[in-house]
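Subject: Structure for you to look at

Hello,

Please find the structure below, together with its sequence. My notes on it come after.

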Amino acid sequence: MTHEDYLEAMVMLGADATNSVRAVDVAEKMGVSKASVSKAVGVLKQKGFVDQPYYGDITLTDDGVAYGNKVFERHRALTMFLNKALGIELKTAEEEACKMEHAISDASFEKWMAFIDALELD
């Protein structure tokens, strides 16, 4: 799991600068321990992506919201393309999109999204 995966999970759970999520919910969504979430939150706090009072709920900073949404959008778009355009089974498309979302550059993703938009897969 990358720290991006934790941000993405928090966004998917509805976290933003005003809505918080519980570490236990992040752990459950990701299939990891609360200790793993605590470690990741510590790193994300240092990077300025999340806020969490001592043993409190987690909220995203503005930077965390922006970055988490970016990762989530990449995941969603990649999954849709793999599943709908290429016919890859949804579970496999989800798993592979998760790997791809971390490797693609911003410039390549923008060009790829323009291509997808032209296909009208939504």
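What follows covers the cores, the aromatic rings, the salt bridges and one acidic residue.

This is a predicted model, in which local features need pLDDT of at least 70 and side-chain atom pairs count only at pLDDT 80 or more, while totals for chains, interfaces and linings use all residues. Residues are numbered from 1 along each chain as its sequence is written, and side-chain values use heavy atoms, with hydrogens and water left out.

Cores

The largest nonpolar core (a set of buried Ala, Val, Leu, Ile, Met, Phe, Trp, Tyr and Cys residues joined through side-chain atoms within 4.5 Å) has 19 residues. Buried means under 20% relative accessible area, exposed means over 50%, and partly exposed is in between (1.4 Å probe, protein chains only). Tyr6, Met10, Val37, Val50 and Ile58 have the most contacts inside this core. At least two of its residues come from each of H1, helix H2 (23–30) and helix H3 (34–46); helices (H or I, at least four residues) and strands (E, at least two) are DSSP runs, numbered from the N terminus. H1 gives the most, with 5 residues. Another core, of 10 residues, lies apart from it and includes Ala77, Leu82, Ala97 and Phe109. In soluble globular proteins, nonpolar side chains tend to be buried together.

Aromatic rings

A search of the whole structure finds 3 aromatic pairs. Rings of Phe, Tyr and Trp (its six-membered ring) pair if their centres lie within 6.5 Å; planes under 30 degrees apart count as stacked, over 60 as edge-to-face and the rest as tilted. Phenylalanine 49 and tyrosine 67 are a stacked pair, 5.3 Å centre to centre with 10° between the planes. This pair links distant parts of the chain, 18 residues apart: phenylalanine 49 is in the loop between H3 and strand S1 (50–51), and tyrosine 67 is in helix H4 (residues 62–85). Phenylalanine 49 is buried, at 17% relative accessible area, while tyrosine 67 is partly exposed, at 26%.

Phenylalanine 109 and tryptophan 112 form a tilted pair, 5.7 Å centre to centre with 40° between the planes. They are 3 residues apart in helix H6 (residues 106–119), so about one helical turn separates them. Both are buried, and with Phe81 they form one aromatic cluster. Arginine 74 lies over the face of phenylalanine 109, at 4.9 Å from the ring centre; the test is NZ of Lys or CZ of Arg within 6 Å of the ring centre and within 35 degrees of the ring normal.

Salt bridges

There are 5 salt bridges, each a side-chain nitrogen of Lys or Arg within 4 Å of a carboxyl oxygen of Asp or Glu. Aspartate 25 pairs with arginine 22, their closest N and O atoms being 2.9 Å apart. In the bridge between arginine 76 and glutamate 73 the closest N and O atoms are 3.0 Å apart, and for glutamate 95 and lysine 91 they are 2.7 Å apart. Lys70, Arg74 and Asp106 are linked in a network of salt bridges.

Glutamate 8

Which side chain of opposite charge is nearest to glutamate 8? It is lysine 29, 8.2 Å away, and glutamate 8 is buried without a salt bridge. Lys and Arg count as positive and Asp and Glu as negative, with His and the chain ends not counted. Glutamate 8 is found in helix H1 (residues 3–12).

Regards
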